Amino acid sequence: MQRKIPFSTLAHQPPTPCLAYCSSSFYSPSQLASAQTTAENPYEDKEWALLFTLDDFTLRSFDGGSLTAKLRRTPITAWRASIGFGGALSFRSGDNAGERRFFSEGEEPAQAPFSQQNESDTDEDMSHFFISTSAQYVRYFPTERTLTFYTAIGPDVFVAYQQREDEIDSRTDRQDRTEWTQFRETENTSTQIGAGLLGSIGLEWFVTSSVSLVAEYNLSGGYFYSRDRSTQEQESRQFRDTDRTDVETGTDTQTMDTHGARLNQPFPRFGVPLYF
């Protein structure tokens, strides 16, 4: 027989242990607000950050770097200003030697009555550098406690310079006792300035409340002006067995100016911000 318990008795019984444990797991309204603020702002007590990044980084090289200062305005917004820089130097030289034989149809090359020897030395120097500055407004979209997605946009200005010098010193000896020497020096320079907008999207992972890791992708575009200049100097000498020498010298200079709108190639950045 089933025993019936009066309703009044149930009403005066204390809550079961399960219900008491489950009710204790809920946050109060103030705790919920604090948890939400912490999730949106892992560095809630930090206002400033310094960030050093490597641009277009691979396992073998990188194309430059930047130093950034960031100021937090609200838990999900900030301003940042950056100075970018980069450059490279390269030096290369080489030697070349060869022989040319002239023969008529039916003759063996090894028995050709006429030949000439060629020798040349080549030196190549190349250098380039750039500097840029930008200011961006940053908007954060927190995904979890230590990982946040963000976007940034703002003005960008850059200056770039590139120079290349080539020197070729060649000599040709012919079997008829005629000798040529030629020296040619070429210098190419390019100067660019530009201004436009820089947009960024990235992820920031907070290792601690003061240190994080950043990976972002950047795209810039705007107006640019470029001046390219090419100068070539050449000297040729021909010596004959009659002790006569023919000398030819010349200089050629060309300059080209271009300007217009351009969308630059996207580039990645990787960095480590320090908050304080």
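**Aromatic rings and a nonpolar surface patch**

In this predicted model, the ring of Phe224 has the charged end of Arg262 over it, at 4.1 Å from the ring centre. A second arginine is placed in a comparable setting: Arg139 lies over the face of Phe141, 4.6 Å from the centre of that ring.

Aromatic rings also pair with one another, and 5 aromatic pairs were counted. In one of them, the ring centres of Phe129 and Tyr161 are 5.9 Å apart; the planes meet at 40 degrees, so this pair is classed as tilted. The two residues come from distant parts of the chain, with Phe129 in strand E4 (residues 114-142) and Tyr161 in strand E5 (residues 147-174), 32 residues apart. Phe129 has a relative accessibility of 44% and therefore counts as partly exposed. Tyr161, at 28%, is also partly exposed.

Phe141, the residue faced by Arg139, forms a tilted aromatic pair with Phe149, with 6.0 Å from centre to centre and 40 degrees between the planes. Phe141 is partly exposed because its relative accessible area is 36%, a value between the limits of 20% and 50%. Phe149 is likewise partly exposed, with a relative accessible area of 30%.

On the surface, a nonpolar patch is formed by Phe52, Leu67, Ile83, Phe85, Ile131, Val159 and Ile193, which together have about 610 Å² of accessible area. Among these residues, Ile83 belongs to strand E3 (residues 77-102). Ile83 has 48% relative accessibility, so this residue counts as partly exposed.

Technical notes
Residues numbered from 1 in each chain as written. Predicted model: local features only at pLDDT ≥ 70, side-chain atom pairs only at ≥ 80, totals over all residues. Heavy atoms only, no water. Patch = residues over 30% accessible without salt bridge, like charges linked within 9 Å, V, L, I, M, F, W, Y side chains within 5 Å. Areas by Shrake-Rupley, 256 points an atom, 1.4 Å probe, with all protein chains shown as cover. Salt bridge = Lys/Arg side-chain N within 4 Å of Asp/Glu carboxyl O. Helix = DSSP H or I, 4+ residues; strand = E, 2+ residues; numbered from the N terminus. Buried < 20%, exposed > 50% of the residue type's maximum accessible area, 1.4 Å probe, protein only. Phe/Tyr/Trp six-rings, centres within 6.5 Å; stacked < 30°, edge-to-face > 60°. Lys NZ or Arg CZ within 6 Å of the ring centre and 35° of its normal.
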